[in-house]
Amino acid sequence: MHIEKELQIIKENAVDVISEGELLKKLEKSRAEGKGLRVKYGADPSAADIHLGHTVPLQKLRQLQDMGHQVIFLIGDFTARIGDPSGVSKTRPPLTKQEVQNNASTYQEQIFKILDRKLTNVVFNSQWCDDMKSGEIMKLASHYTVARMLERDDFALRFRKKEPISIHEFLYPLIQGYDSVFLKADMEVGGTDQRFNFLVARELQRDFGQEPEVLILLPLLEGTDGKQKMSKSLDNYIGISEPPAEIYGKIMSIPDEILPRYYNLLLRIDMPNDCGPHEAKKHLAREITSIHHGEENAGKSEQEFEKVFVRKELPENIPEFVLRNEELKDGKIWIVELLLKAKLAATGNEARRLIAQGGVKLNNKSCTDPELNIEIRDNMVIKAGKRRFARIKMEGNHG
RNA sequence: GGGGAGAUACUCAAGCGGCCAACGAGGCUUGACUGUAAAUCAAGUGCAGAAUGCUUCGGAGGUUCGAAUCCUCCUCUCCCCA
C-alpha cells in the first residue's frame, strides 16, 4: 500500500490529526524498521456496554490493525476510580474495584467483535498506577500548572459556574497522560472530547524524553435523541450487544437530521441521495443490525418491525407471565393489578395513568377504565404503550 | 482561622408559617397526527383499590393547632478575607 493511501485511510472521518507531519514521519520510520506503530486506545470501564459511539474509534483501530499496526487497548481501571472529568459538569462518583472489574470483562467480550484479537494487546493501567509512589505523583503533578488546567473547557465552565472541582480531578489528565509515557505510545485514538487529555499526554512524553504521540481525534456520535453525544448515562445509546430488533428499532427512532452522520461514521459511506429519508433510515437500520448480528437477524428484525409498528400486529415473541387461579376472583382480575403482575407498570399509579390515557389494550381492544375487572382467558395479550407486550398463561392450582 | 451565601422531585428552578404533593421550564411517559423522524396539539409525571389517607423539600432534633418555610446542632457546597 502506498504511504499516501495509508495516510488517507487514517485521516478518514478524523476531525483532527495532530500532527500530520509527525504522522507521516512515524509511518515512514515504521516501514523502514518493519515494525507497526504502537496505537493506544483507552477505555473507561465505568460503563460496561459498548455502544455504537464507541464503534467509531474501534473501526479506526481495526483499520490500523489491518495496516499492520499494534493496538494497545488500555482499560483505565485505575483512572475509572477517579472518573474522567471530560465533558462532565459534576464530579463522578468513584467506582468500586468490583464494578470496574466486571465492566472490564464485559468490555473485552465486546471489543473483539470489531478488533482482531491476535493483534490487540489488552492492558490495565492499575498495573503501573497502583503502586505509584506519592513522590512520583508529586513529580507528575509538577509538570502542569493550575492555570493550564483551568484553560480546559469543562473545568473553566465549572469554575465559572461556581461548581465544585476536586483536586484529584486535576490529576486525571496527568495520569492518563502518564499511561502514554509508560506504554511509549506512537499514536492515540479517541473522541474529540479527549483533546485536552491527549495534549497533556504529548507534553508529558516530551518531558520524559519521548517523541510525542500522534493524536487522531474522531467525531462523537450523537445518541438516539440526535442532540447529545451517545452515552449510557444519558440513556440515548444503542448497545452493540442489544438484541437485533432493539438495535433496528432504535435506529428507526433517530431524528432524520443525523442520518448522514450515522452513515458516515458507522457505515463509512455517504447517505444515498436517490431515496427518501424513511428508506434511507430503513437501509441504515438493516445495515447496522447486520454488522452486529448478521444479515439473517437483520432481515428478521426488519420484518418484525414492519409487522409490529407499521401494521400494528402482534410481535412474534411475546414475553409470557403466569397467573394462578387463586390470583383471580370469579375468573376476574383488577386491571391495575394485572399490569403490575405483568411488570408492564412499576406502580399502581403508573398503571392507572397508562390505562386512563388509553395506553393499554387487551387482545387489541382499548381499555380506559382503571377500575375494570377483567375476565381472564388463557393466552390473552396485554399491550402497554407502543411497544410493551405480555401474554397471560394460566396455571392450575396444582402447578 | 474569620466573615457571608446556599442545599427543593430526573435536571434547572420558584416557594420563605396554613391556599403545598409543592409555580414554571426542560426531560420523560401516554394519546392524536405520522415514517417508532421532525413539528404541532392534548394529558400525565411521590405512593396507595384511592373522594380530603400516607411519606416527601440535605440530615437529626425542637417551636407551633399547623413547617419546605421559624429555632438549634450536624453534613456538604460556593464566595470574600487570611
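The following exchange goes through a predicted model of a protein chain with an RNA strand and asks what lies behind each label.

User: What makes Lys-60 count as buried, and where does Lys-60 lie?

Analyst: Lys-60 lies in helix H3, which covers residues 52-66. The cut-off for buried is under 20% relative accessible area, and Lys-60 has 3% relative accessibility, so Lys-60 counts as buried. Leaving aside residues up to four places away in sequence, Lys-60 touches Ile-9, Ile-10, Lys-11, Glu-12, Val-189 and Leu-218.

User: Why is Ser-290 called buried or exposed?

Analyst: The same limit of under 20% applies, and because Ser-290 has a relative accessibility of 17%, Ser-290 counts as buried. Ser-290 is found in helix H13, and, with residues up to four places away in sequence not counted, Ser-290 touches Glu-295 and Ala-298.

User: How do you know whether H11 and H13 are roughly parallel or antiparallel?

Analyst: Two packed helices are described by the angle between their axes and the distance between the axes. Helix H11, residues 244-252, packs with H13 at an angle of about 170°, and their axes are 8 Å apart. Angles over 145 degrees count as roughly antiparallel, and therefore H11 and H13 are roughly antiparallel to each other. By class, the contact of H11 with H13 has 11 nonpolar, 7 polar and 4 charged residues.

User: What makes the pairs that Lys-281, Thr-347 and Gly-348 form with RNA strand B polar contacts?

Analyst: A polar contact is a pair of N or O atoms within 3.5 Å, and each distance can be set against that limit. An N or O atom in the side chain of Lys-281 is 3.1 Å from a sugar or linking oxygen of RNA strand B, while for the side chain of Thr-347 the partner is a phosphate oxygen at 3.2 Å. For Gly-348, a polar backbone atom is 2.9 Å from a phosphate oxygen of RNA strand B. The elements that give two or more residues to the surface near the strand are helix H13 (277-310) and helix H15 (348-356), and H13 gives the most, with 6 residues.

User: Which residues are closest to RNA strand B, and how does the surface near the strand divide by class?

Analyst: RNA strand B is surrounded by 27 residues, and the closest are Pro-255, Asp-256, Phe-305, Asn-349 and Arg-353. The residues of this surface divide into 9 nonpolar, 10 polar and 8 charged. Of the atoms of RNA strand B within 4 Å of the protein, 56% belong to sugar or phosphate, and the rest belong to bases.

User: Why is Lys-184 called exposed and Arg-268 partly exposed?

Analyst: Exposed means over 50% relative accessible area, and because Lys-184 has 54%, Lys-184 is exposed. Arg-268 has 33% relative accessibility and therefore counts as partly exposed, the class between under 20% and over 50%. Lys-184 is found in the loop between helix H9 (167-183) and strand S5 (187-191), and Arg-268 in the loop between helix H12 (259-267) and H13.

User: What makes the backbone at Lys-184, Arg-268 and the bond between Ile-18 and Ser-19 worth a remark?

Analyst: Most residues other than glycine have a negative phi, and most peptide bonds are trans. Lys-184, which is not a glycine, has a positive phi of about 50°, and phi of Arg-268, also a residue other than glycine, is near 55°. A cis peptide bond joins Ile-18 and Ser-19, with omega about -15°, and Ser-19 lies in the loop between strand S1 (16-18) and helix H2 (20-33).

Methods: Residues numbered from 1 in each chain as written. Chains lettered and ligands numbered in written order. Predicted model: local features only at pLDDT ≥ 70, side-chain atom pairs only at ≥ 80, totals over all residues. Heavy atoms only, no water. Near = heavy atom within 4 Å. Polar contact = N/O pair within 3.5 Å; in protein donor to acceptor, adjacent residues only side chain to side chain. Helix = DSSP H or I, 4+ residues; strand = E, 2+ residues; numbered from the N terminus. Nonpolar A, V, L, I, M, F, W, Y, C, P; charged D, E, K, R; others polar. Axes fitted to C-alpha atoms, helices over the stretch in contact; angles between N-to-C directions. Parallel < 35°, antiparallel > 145°, perpendicular 65-115°, else oblique. Buried < 20%, exposed > 50% of the residue type's maximum accessible area, 1.4 Å probe, protein only. Contact = heavy atoms within 4.5 Å.
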